[in-house]
Amino acid sequence: MVTNVTNLSRSGLYDWMAQRVSAVLLAAYTLFLLGYLVFNPGLTYAEWQGLFSNNAMRIFSLLTLVALSVHSWVGMWTISTDYLTPMAFGKAATVLRFLFQAVCGLAMFVLFVWGIQILWGL
């Protein structure tokens, strides 16, 4: 079992479950938005703004943003541990993996904060 401080839960089972649950939430959000667009063909800016000013939609969007962050982190962590290995990159693998994970983590944090600002108008 890989025990690394940078994985989400220190357990492959929990990471796998987080990946699947977050994927279901992301799919539900996407299907909801697609359905909303299909059933409101003449959608105006005011109607779109009304949808996203509803607190239930804001909370659904925030949960989806959290799910996107979890899903992304688990996926990128898996990629980094699978492909940035000493076998492929020698002794530099640990440094490369750390830098890759740090850049991914920083990008996800910035996008998460930006998403909150967009959703809640902060």
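**Aromatic rings, a core and helix contacts**

Colleague: Let's start with Ser53: which helix is it in?

Modeller: Keep in mind that this is a predicted model. Helix H2 covers residues 45–53. Ser53 has its place in helix H2.

Colleague: And does Ser53 count as buried or exposed, or something in between?

Modeller: Buried would need under 20% relative accessible area, and exposed over 50%. Ser53 comes out at 41% relative accessibility, so it counts as partly exposed.

Colleague: How far is Ser53 from Gly121, C-alpha to C-alpha?

Modeller: Along the chain, Ser53 and Gly121 are 68 residues apart. In space, their C-alpha atoms are separated by 9.8 Å.

Colleague: Now the rings. How are the rings of Tyr36 and Trp48 placed?

Modeller: The structure holds 5 aromatic pairs. For Tyr36 and Trp48, the ring centres are 6.4 Å apart and the planes sit at 55°. Stacked would need planes under 30 degrees apart and edge-to-face over 60, so this pair is tilted.

Colleague: Which helices does that pair, Tyr36 and Trp48, link?

Modeller: The two residues are 12 apart, and the pair links distant parts of the chain. Tyr36 is in helix H1 and Trp48 is in helix H2, so the helices you want are H1 and H2.

Colleague: What's the centre-to-centre value for Trp48 and Phe52?

Modeller: Trp48 itself is partly exposed, at 29% relative accessibility. With Phe52 it forms another tilted pair, with 55° between the planes. Both sit in helix H2, and being 4 residues apart there, they are separated by about one helical turn. Centre to centre, the value is 5.0 Å.

Colleague: Which residues form the aromatic cluster?

Modeller: Tyr36, Trp48 and Phe52, already named in the pairs, are among its members. The complete cluster is Tyr29, Phe32, Tyr36, Trp48, Phe52 and Phe60.

Colleague: On to the largest nonpolar core: which element gives the most to it?

Modeller: That core has 7 residues: Tyr29, Leu33, Tyr36, Leu51, Phe52, Met57 and Leu119. Two elements, H1 and H2, give two or more residues each. With 3 residues, the one that gives the most is H1.

Colleague: What is Leu51 in contact with, leaving aside neighbours within four places in sequence?

Modeller: Leu51 is one of the core residues. Contact here needs heavy atoms within 4.5 Å. Beyond its sequence neighbours, Leu51 is in contact with Phe32, Leu33, Tyr36 and Met57.

Colleague: Over in helix H3, which residues does Met76 touch, not counting those up to four places away?

Modeller: Met76 is partly exposed, with a relative accessible area of 27%. Its C-alpha is 7.4 Å from that of Gln101, though the two are 25 residues apart in sequence. The residues Met76 touches are Phe100, Cys104 and Met108.

Colleague: Thr81 is in helix H3 too, so is it buried or exposed?

Modeller: Leaving aside neighbours within four places, Thr81 is in contact with Arg97 and Gln101. The buried cut-off is under 20%. Thr81 has 18% relative accessibility, so it counts as buried.

Colleague: Last one: about what area does the patch of Leu13, Trp16, Met17 and Val21 have?

Modeller: Val21 has its place in helix H1, residues 12–39. Together, Leu13, Trp16, Met17 and Val21 make a nonpolar surface patch of about 430 Å².

How values were computed
Residues numbered from 1 in each chain as written. Predicted model: local features only at pLDDT ≥ 70, side-chain atom pairs only at ≥ 80, totals over all residues. Heavy atoms only, no water. Patch = residues over 30% accessible without salt bridge, like charges linked within 9 Å, V, L, I, M, F, W, Y side chains within 5 Å. Areas by Shrake-Rupley, 256 points an atom, 1.4 Å probe, with all protein chains shown as cover. Salt bridge = Lys/Arg side-chain N within 4 Å of Asp/Glu carboxyl O. Buried < 20%, exposed > 50% of the residue type's maximum accessible area, 1.4 Å probe, protein only. Phe/Tyr/Trp six-rings, centres within 6.5 Å; stacked < 30°, edge-to-face > 60°. Core = buried A, V, L, I, M, F, W, Y, C linked by side-chain atoms within 4.5 Å.
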